[in-house]
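Student: I should like to be guided through a structure that is new to me. May we proceed by question and answer?

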Amino acid sequence: MSEGFATVPGMRFLHTSDWHLGRSLHRADLRDAQAAFLDHLIETARAERVDAVLVAGDIYDRAIPPVDSVELYEDALVRLRAVGTRVILISGNHDSARRLGVNSELVDAAGVHLRTRPGRLAEPVILHDEHGPVAVYGVPYLEPAVGLPAISPADPAQPHADAPDAEVPDAEVPRQRGHAAVLGEAVARIRAGATASGATRTVVMVHAWVAGGADDEERKEEAKRQASGSERDISIGGIGYVPVSLFDGFNYVALGHLHGQQTLTEHVRYSGSPLPYSFSEKHHKKGSWLVEVGIDGKTRAERVPAPVYRRLTELSGRIDDLLTLAEHEPHTGDFVGVTLTDAARPQAAMDRLRRRFPHILTLEFKPEGVTADRRSYRERVKGRDDLTIAAEFVRHVRNTEATQPERELLEAAFASANDTREGDR
């Protein structure tokens, strides 16, 4: 990292998220790529003497991850602790909070802090440096339809039921639903807890969709720009994002969920996913944030680029050009998505392309000069016999007419089907 950054005293964090262990890319196995990122993360934590690694959710890609992904996760935690850094994780919308958080109270003592229970989001992990404590709060993904558990009046870190402004759950008063309501309640609980404990340096980890903007319309447009094609939709009632202003006053907010690395404000950031998980992310600059919270609470953050395992590239053109032109040579080692524009669908196109692009993942066929047929299916088949419809399907798929031998084969198939039908009567 930069020399100037390294001379600023304070608590040091490495902010990452959205590992999605167990995920594939159009059936391409990404385990080696994910392992390479974790090697890089551990080496960065060691080299930069990081106090804690913050993992802001979506550790796994699904609720029940494959065994090798669990092994990769466990190995990463062991190695991070071996280099002296603590690890704080929250669950994301892809994770099973119950499974990820199992034995959380036991592993707390080992320096791995799992924050997956909504009812405990106001209980911080307290870290210390030479300037005093830093309180790190973990807000796991919150399902708006479920909301937050009721506050216990005996909890000193929360408003008591008889406090003037306390939010007292009432069975007769329906709770608000929606991401803004449930996250607003979560943040209110954290603020109350921080005030009660006297915490002056606060870091919050959140797995949610947070958007900048001065009003709803600006936030709506910002939310459209933020998203890529690989995040699971978390919208409830049409709105899945919350305003960044919700987190005003905290020293740093480590966000997870969106896969693009983003700075919403100087103290609110997305680390993004460490790998591109769809072709919509092919231009993303992947990485983590090295964050330092100083003695005065001021925060500095520096981007740490992630290693590029294999680039994502989309190519379009006629198959002969893709197979021969020198301009495509730099992409032979990439994960490739190809769109063929030949007038007629080439024979064995995927096999031929794979010889030059061994990591080709997708193949589409969009012939030049062909416009889509806007008629309904009923309109297209009206008044046509089975053979004509089948031959039209061949032409639609391949953009060439069915040959005479193909028409004869189709005719024989229909005749056989009709004979079978007659015999069953």
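The dialogue below goes from the whole protein to selected helices, cores and single residues.

Student: How many helices and strands are there in the protein?

Tutor: The model is a predicted one. Its secondary structure comprises twelve helices and 19 strands.

Student: What share of the contacts with a separation of 6 or more comes from residues 24 or more positions apart?

Tutor: The protein has 425 residues, and buried residues make up 46% of them. Of its contacts with a separation of 6 or more, the share that joins residues 24 or more positions apart is 69%.

Student: How much of the surface that the protein exposes do carbon and sulfur atoms supply?

Tutor: The protein exposes about 21800 Å². Of that area, carbon and sulfur atoms supply 51%.

Student: Which element gives the most residues to the largest nonpolar core?

Tutor: The largest nonpolar core has 31 residues, and Val-139, Val-206, Val-210 and Phe-247 touch the most other members. Among the elements that give two or more residues to this core are β8 (132-139), β9 (202-207) and α6 (179-197). With six residues, the element that gives the most is α6.

Student: Which residues does Val-139 touch, not counting those up to four places away in sequence?

Tutor: In general, nonpolar side chains in soluble globular proteins tend to be buried together. Val-139 is one of the residues that touch the most other members of the largest nonpolar core. Leaving out residues up to four places away in sequence, Val-139 touches Ile-90, Leu-121, Leu-183, Ala-186, Ile-190, Val-204, Met-205, Val-206 and His-207.

Student: How many residues has the other core that lies apart from this one?

Tutor: Leu-38, Leu-41, Val-87 and Leu-100 are among the members of that other core. Its number of residues is 27.

Student: Why do the buried residues of α3 line one face of the helix?

Tutor: Helix α3 covers residues 67-82 and reaches 23 Å from its first C-alpha to its last, close to the 22 Å expected. Its buried residues are Ser-69, Leu-72, Tyr-73, Ala-76, Leu-77 and Leu-80. Seen down the helix axis, they line one face because they fall within an arc of 130 degrees.

Student: Which exposed residues does the opposite face of α3 carry, turned away from its buried side?

Tutor: The buried residues of α3 pack against α2 (31-47), β4 (52-56), β5 (86-90), α4 (97-100) and β6 (112-115). The face turned away from the buried side carries the exposed residues Val-67, Glu-74, Val-78 and Ala-82.

Student: How wide is the arc that the buried residues of α11 cover?

Tutor: Helix α11 (residues 386-398) has 13 residues. The buried ones are Leu-387, Ala-390, Ala-391 and Arg-398. They lie on the same side of α11, because around the axis they cover an arc of only 100 degrees.

Student: Which residue takes a positive phi just after α11?

Tutor: At the start of α11, a side-chain oxygen of Asp-385 reaches to within 3.3 Å of the backbone nitrogen of Leu-387. The face turned away from the buried side carries the exposed residues Phe-393 and His-396. Just after the helix, the residue with a positive phi, of about 65 degrees, is Asn-399.

Student: Is His-257 buried or exposed?

Tutor: His-257 is found in the loop between β12 and β13 (262-265), and it has a positive phi of about 125 degrees although it is not a glycine. Buried means under 20% relative accessible area. At 3% relative accessibility, His-257 therefore counts as buried.

Student: How does His-26 count, at 44% relative accessibility?

Tutor: His-26 is likewise not a glycine, yet it has a positive phi of about 50 degrees. The residue is found in the loop between β2 (24-25) and β3 (28-29). At 44% relative accessibility, His-26 counts as partly exposed.

Student: Which residue has its backbone oxygen 2.7 Å from a polar atom of the side chain of Asn-251?

Tutor: Asn-251 lies in the loop between β11 and β12 and is buried, with a relative accessible area of 13%. Beyond its neighbours within four places in sequence, its contacts include Thr-200, His-267 and Val-293. Asn-251 and Val-293 are 42 residues apart in sequence and 7.2 Å apart in space, C-alpha to C-alpha. The backbone oxygen at 2.7 Å from the side chain of Asn-251 belongs to Gly-297.

Methods
Residues numbered from 1 in each chain as written. Predicted model: local features only at pLDDT ≥ 70, side-chain atom pairs only at ≥ 80, totals over all residues. Heavy atoms only, no water. Helix = DSSP H or I, 4+ residues; strand = E, 2+ residues; numbered from the N terminus. Expected span 1.5 Å × (residues − 1). Buried < 20%, exposed > 50% of the residue type's maximum accessible area, 1.4 Å probe, protein only. Arc of directions from axis to C-beta. Contact = heavy atoms within 4.5 Å. Areas by Shrake-Rupley, 256 points an atom, 1.4 Å probe, with all protein chains shown as cover. Core = buried A, V, L, I, M, F, W, Y, C linked by side-chain atoms within 4.5 Å. Polar contact = N/O pair within 3.5 Å; in protein donor to acceptor, adjacent residues only side chain to side chain.
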